[in-house]
Amino acid sequence: MSVREVAAQAYREALPALATSVVGGLFAGVVLGGMRAELRAVPGLLVLVPALLATRGNVYGSLGARLSTGLHQGLVEPAFDSAFDSALNLDDRVTAAVAAALGNGILASLFASVVAFLVLQLLGEPVAPLATLLAIALVAGLLSGVALTVAVVSVVFAGFRRGYNPDTLVGPLVTTTGDVFGISFLLLAVRFVLALGGA
């Protein structure tokens, strides 16, 4: 393949994913813009939003990279019927990658909540109780983690089967789904925690 053909193929693979990423980012911005009441009800939540979104991208980008490497090396089969055995147990490699991503995502969200709380306290800024921030981070981290795991595994496997380079898909996919699911589930988590009497 010539350099021109390689570049054309890379653009063909990347442009739809990047366009989807832009639309997803705009959607996440619209949802965040509509969260004014929740942001007022939970002081300090706005400080936490960038950290939570960055956590989703970093953790689940790593999951996608692990799966991509496994697919390229032939260690993971790009099909759900081979990733699952007859007892519906995940392949050990996929299980380990998914468990690490979910665990890291939740722990990073909780850690970000503690740091945001401490920093705002030190600065003398108004902040919701630590328990409220932790509950919101836990619920949002768990829900978005499950959704992102399903999205990443599905798209990476499907893209690889269709001849796409999964490394090209992972970045825009995680950015888009991380923003959309992250903000949507954050809104849901805030409403859930407030309904239980948080803040």
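This section describes the overall fold, the surface and one charged pair of a predicted model.

The chain is helical. It holds 7 helices and 0 strands. Read from the N terminus, the order of elements is α-α-α-α-α-α-α. The C-alpha trace spans about 60 × 45 × 25 Å along its principal axes. The chain has 199 residues, and 40% of them count as buried. Contacts were also considered by sequence separation. Among those between residues at least 6 apart in sequence, 81% join residues at least 24 apart.

The surface was examined next. About 10,300 Å² of the chain is exposed. Carbon and sulfur atoms supply 68% of that area. The chain carries 10 positive and 11 negative charges. The mean positions of the two sets lie 9 Å apart. One nonpolar surface patch covers about 390 Å². Phe111, Val115, Val119 and Leu123 make up this patch. Within the patch, Val119 belongs to helix 5, which runs over residues 92-123. Val119 has a relative accessibility of 40% and therefore counts as partly exposed, since that class lies between the 20% limit for buried and the 50% limit for exposed residues.

Charged side chains were then searched for pairs. Side chains of opposite charge can pair when their charged atoms come close. The structure holds 1 salt bridge. This bridge joins Arg191 to Glu38, with the closest N and O atoms 2.9 Å apart. The pair links distant parts of the chain. Arg191 sits in helix 7, residues 166-195, and Glu38 in helix 2, residues 36-41. The two partners are 153 residues apart in sequence.

The partners of the bridge fall into separate accessibility classes. Arg191 has a relative accessible area of 48%, so this residue is partly exposed. The value for Glu38 is 8%. Glu38 therefore counts as buried, because the buried class takes in residues under 20%.

What surrounds Glu38, leaving aside residues up to four places away in sequence? This residue of helix 2 touches Leu45, Leu187, Val190 and Arg191. Among these contacts is the bridge partner itself, Arg191. The buried glutamate thus has leucine and valine neighbours as well as the arginine with which Glu38 forms the salt bridge.

Key:
Residues are numbered from 1 along each chain as its sequence is written. This is a predicted model: local features need pLDDT of at least 70, side-chain atom pairs count only at pLDDT 80 or more; totals for chains, interfaces and linings use all residues. Side-chain values use heavy atoms; hydrogens and water are left out. Helices (H or I, at least four residues) and strands (E, at least two) are DSSP runs, numbered from the N terminus. Buried means under 20% relative accessible area, exposed over 50%, partly exposed in between (1.4 Å probe, protein chains only). Contact means heavy atoms within 4.5 Å. Accessible areas come from the Shrake-Rupley method with a 1.4 Å probe; for residues, only the protein chains shown count as cover. Lys and Arg count as positive and Asp and Glu as negative; His and the chain ends are not counted. The place of a charge is taken as NZ of Lys, CZ of Arg, CG of Asp or CD of Glu. Patches are made of residues with over 30% relative accessible area and no salt bridge: like charges are joined within 9 Å, nonpolar side chains (Val, Leu, Ile, Met, Phe, Trp, Tyr) within 5 Å. A salt bridge is a side-chain nitrogen of Lys or Arg within 4 Å of a carboxyl oxygen of Asp or Glu.
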